[in-house]
Amino acid sequence: MSIKFKNVSYIYNPGSPLEAVGLDDLSFELEEGKFIALVGHTGSGKSTLMQHFNALLKPSSGEIEIAGYKITPETSNKGLKGLRQKVSLVFQFPEAQLFESTVLRDIEYGPKNFGFSDEEAEKVARKWLEKVGLKADVAEKSPFDLSGGQMRRVAIAGVMAYEPDIICLDEPAAGLDPQGRIEMMELFKQYQAEGHTVILVTHNMDDVADYADDVLVMEHGQLIKHDVPREVFKDRDWLFKHHLSEPHSSLFADKLGKAGFVIKQPLTINELADEIAARLKGVPHE
Ligand SMILES: Nc1ncnc2c1ncn2[C@@H]1O[C@H](COP(=O)(O)OP(=O)(O)O)[C@@H](O)[C@H]1O
Ligand SMILES: [Mg+2]
């Protein structure tokens, strides 16, 4: 199955002095089961686009096909609960939405909302508590007694626990320490490996290089590029022109080149290391 956007535009506050273009004529198709990165500057339309994936916002014009649903400006809210179970959004700083008295109850909330029995909800909550890397003994604690990073895992577990086919996350690793960030990214990679689609809004180009199959680049509400990471990062002049940053592997290789040690442009840190190691073979070292 695929996700299709056909000439989708979204206008905020149409006809009022506050009218603003959120999305401007987007057409693209994504294959389900992929890891998709959504990048672009603040105000480029990433969050607006994300809210179209489960019809929290409906297009002002155009048409969307996702998870077996068709969404147009006329689509009514009735009957969208099934879509919301299949396609879930995790907003920035989701830990701010925790509210239950215990961690377990917070994770059970989503599954119960989608009709899981009490027993089934508890079972999946305990399973996902562990899968997001928390210890079983935090289950009965208040979520407010946890660290910020742990609270964020609880919030994400609460969505993964009902296993949406497609999970869209807005900067889920923002503010985490480097180790926390890697663990978070590995969690999404694992979720994808289990057969789900992951759509990730991020400013971190290293994460895009390391994890994404596909990249959507937004600017002023328009989709200005849709390609695999290697192609997106290959054209350094284009990135510079659009004020987009590059993965550290590219920057490092560029500095090496300027110092007279030209290597093939690597996508990831691993490729960079392999390339240098290959070139150093035969060079005496300790
Ligand atoms: N609630 C809103 N009301 C009016 N305009 C909005 C609203 N939310 C976003 N916008 C505008 O829509 C455009 C896209 O914003 P957004 O999707 O939030 O971008 P991003 O997530 O990439 O930072 C911006 O011009 C922004 O000012
Ligand atoms: Mg945003």
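Begin by selecting strand E6 (residues 87–90) together with strand E7 (residues 166–170) in this predicted model, and notice that four bridges join the two strands, which run parallel. Within this pair, colour Leu-89 and Cys-168, because the pairing is easier to follow from one example: Leu-89 stands opposite Cys-168 in E7.

Keep E7 selected and add strand E8 (residues 197–201), which is joined to E7 by five bridges and runs parallel to E7. Here Cys-168 has Ile-199 of E8 as its bridge partner. If you then trace the chain from E7 to E8, you pass through helix H6, and this β-α-β crossover is right-handed.

Now look at the side chains of E7. In a regular strand the side chains alternate between the two faces of the sheet. In E7, Ile-166, Cys-168 and Asp-170 point one way, while Ile-167 and Leu-169 point the other way, and all are buried. Since five of the five residues of E7 are buried, the strand is largely enclosed by the rest of the structure.

Next, select helix H4 (residues 118–131), whose 14 residues reach 20 Å from the first C-alpha to the last, close to the 20 Å expected at 1.5 Å a residue. Which residues of H4 are buried? They are Ala-121, Val-124, Ala-125, Trp-128 and Leu-129. Seen down the axis of H4, these buried residues fall within an arc of 140°, so they line one face of the helix. Show helix H3 (103–113), helix H5 (148–160) and helix H6 (178–193) as well, since the buried residues of H4 pack against these helices. Turn to the other side of H4, and you will find Glu-119, Lys-123 and Glu-130 exposed. Just after H4, stop at Gly-133, which takes a positive phi of about 90°.

Move on to strand E9 (residues 214–219), where five of the six residues are buried, so that this strand is largely enclosed by the rest of the structure. Add strand E3 (residues 35–39), which four bridges join to E9 in a parallel arrangement, with Val-217 of E9 as the bridge partner of Val-39. Then add strand E10 (residues 222–227), which pairs with E9 in the antiparallel sense over five bridges, and find Leu-216 opposite His-226 in E10. E9 and E10 form a hairpin with two residues between them, and His-220 in the turn has a positive phi of about 45°.

Finally, select residues 3–245, where UniProt, in an unreviewed entry, places the feature "domain: ABC transporter". Over this range the chain is 35% helix and 26% strand, and the end C-alpha atoms are 27 Å apart.

Key:
Residues numbered from 1 in each chain as written. Chains lettered and ligands numbered in written order. Predicted model: local features only at pLDDT ≥ 70, side-chain atom pairs only at ≥ 80, totals over all residues. Heavy atoms only, no water. Expected span 1.5 Å × (residues − 1). Buried < 20%, exposed > 50% of the residue type's maximum accessible area, 1.4 Å probe, protein only. Arc of directions from axis to C-beta. Contact = heavy atoms within 4.5 Å. Pairing = 2+ DSSP bridges. Right-handed = clockwise from strand over helix to strand, strands pointing away. UniProt positions renumbered as here; feature names shortened; annotations may be inferred.
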